[in-house]
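Biologist: I have a model open in front of me and I'd like to learn how to read it. Could you take me through it, one feature at a time?

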Amino acid sequence: LLVQENEVIVVGLISLLMIVTGNLSPKIPFNRYLGLRLPWTVRDEDTWKITHRIMGYMSFPLAIFQFIFIFYYPMETVLKFSILTWIIVPGVYSLWFYYRKFKVLK
């Protein structure tokens, strides 16, 4: 349960950055330069919006998760898990949303 003071500061700053970015992500307009730029998110505005909304919803719980679990697991493990989850879950859901939307339209 011994955690370095520097690790707590680093994870705290990353958590804060994640919360701020997550709060701003649903407000990012549809574009090709900023945000989660996956091939299917830059092709469809609805997919873009749902992806960034999910990122926004996930940011606060993941930031809290990071800050709590830093006391029980190594910093690298906690950060890798939370950041990859923050990117993979909206990415996979948006891929499913995109293909479901355009499968119905065809």
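**Reading the model**

Modeller: Let's start with burial: Tyr-98 counts as buried because its relative accessibility is 12%. Buried means under 20% relative accessible area, exposed over 50%, and partly exposed in between, using a 1.4 Å probe and protein chains only. Keep in mind that this is a predicted model, where local features need pLDDT of at least 70 and side-chain atom pairs count only at pLDDT 80 or more, while totals for chains, interfaces and linings use all residues. Residues are numbered from 1 along each chain as its sequence is written, and side-chain values use heavy atoms, leaving out hydrogens and water.

Biologist: How many helices and strands are in the chain?

Modeller: Helices (H or I, at least four residues) and strands (E, at least two) are DSSP runs, numbered from the N terminus. Here you get three helices and zero strands, so from the N terminus the order reads α-α-α. The C-alpha atoms fill a box of roughly 55 × 20 × 20 Å along the principal axes, and 36% of the 106 residues count as buried.

Biologist: Which residues make up the largest nonpolar core?

Modeller: The general idea is that in soluble globular proteins, nonpolar side chains tend to be buried together. A nonpolar core is a set of buried Ala, Val, Leu, Ile, Met, Phe, Trp, Tyr and Cys residues joined through side-chain atoms within 4.5 Å. The largest one here has ten residues: Met-18, Leu-36, Ile-50, Ile-54, Met-55, Met-58, Leu-62, Ala-63, Trp-86 and Phe-97. At least two of its residues come from each of H2 and helix H3 (75-105), and H2 gives the most, six.

Biologist: What does Leu-62 touch?

Modeller: Contact means heavy atoms within 4.5 Å. Skipping residues up to four places away in sequence, Leu-62 touches Met-18, Ser-82, Thr-85 and Trp-86. Leu-62 sits in helix H2 and is buried, at 9% relative accessibility. Its C-alpha is 8.3 Å from that of Ile-83, which is 21 residues away along the chain.

Biologist: Where does H2 bend?

Modeller: A bend is the angle between axes fitted to the seven residues ending at a position and the seven starting there. H2 bends by about 35° at Ser-59, with Pro-61 following within four residues. To check its span, take 1.5 Å times one less than the number of residues. The 25 residues of H2 should therefore cover 36 Å, and the end C-alpha atoms are 35 Å apart, which agrees.

Biologist: How many aromatic pairs are there in the whole structure?

Modeller: Rings of Phe, Tyr and Trp (its six-membered ring) pair if their centres lie within 6.5 Å; planes under 30 degrees apart are stacked, over 60 edge-to-face, and the rest tilted. A search of the whole structure turns up eight pairs. One of them is Phe-65 with Phe-69, tilted, at 4.5 Å centre to centre and 35° between planes. Another is Tyr-98 with Tyr-99, edge-to-face, at 5.5 Å and 80°.

Biologist: And Tyr-99: buried or exposed?

Modeller: Tyr-99 counts as exposed, because its relative accessibility is 53%.

Biologist: How far apart in sequence are Phe-65 and Phe-69?

Modeller: An α-helix has 3.6 residues a turn, so residues three or four places apart point the same way. Phe-65 and Phe-69 are four residues apart in H2, about one turn. They also belong to an aromatic cluster with Tyr-73 and Phe-81.

Biologist: Let's finish with a loop residue. What does Asp-44 touch?

Modeller: Asp-44 lies in the loop between helix H1 (5-24) and helix H2 (45-69). Again leaving out residues up to four places away, Asp-44 touches Phe-30, Phe-97, Tyr-98, Lys-101 and Phe-102. At 9% relative accessibility, this aspartate counts as buried.
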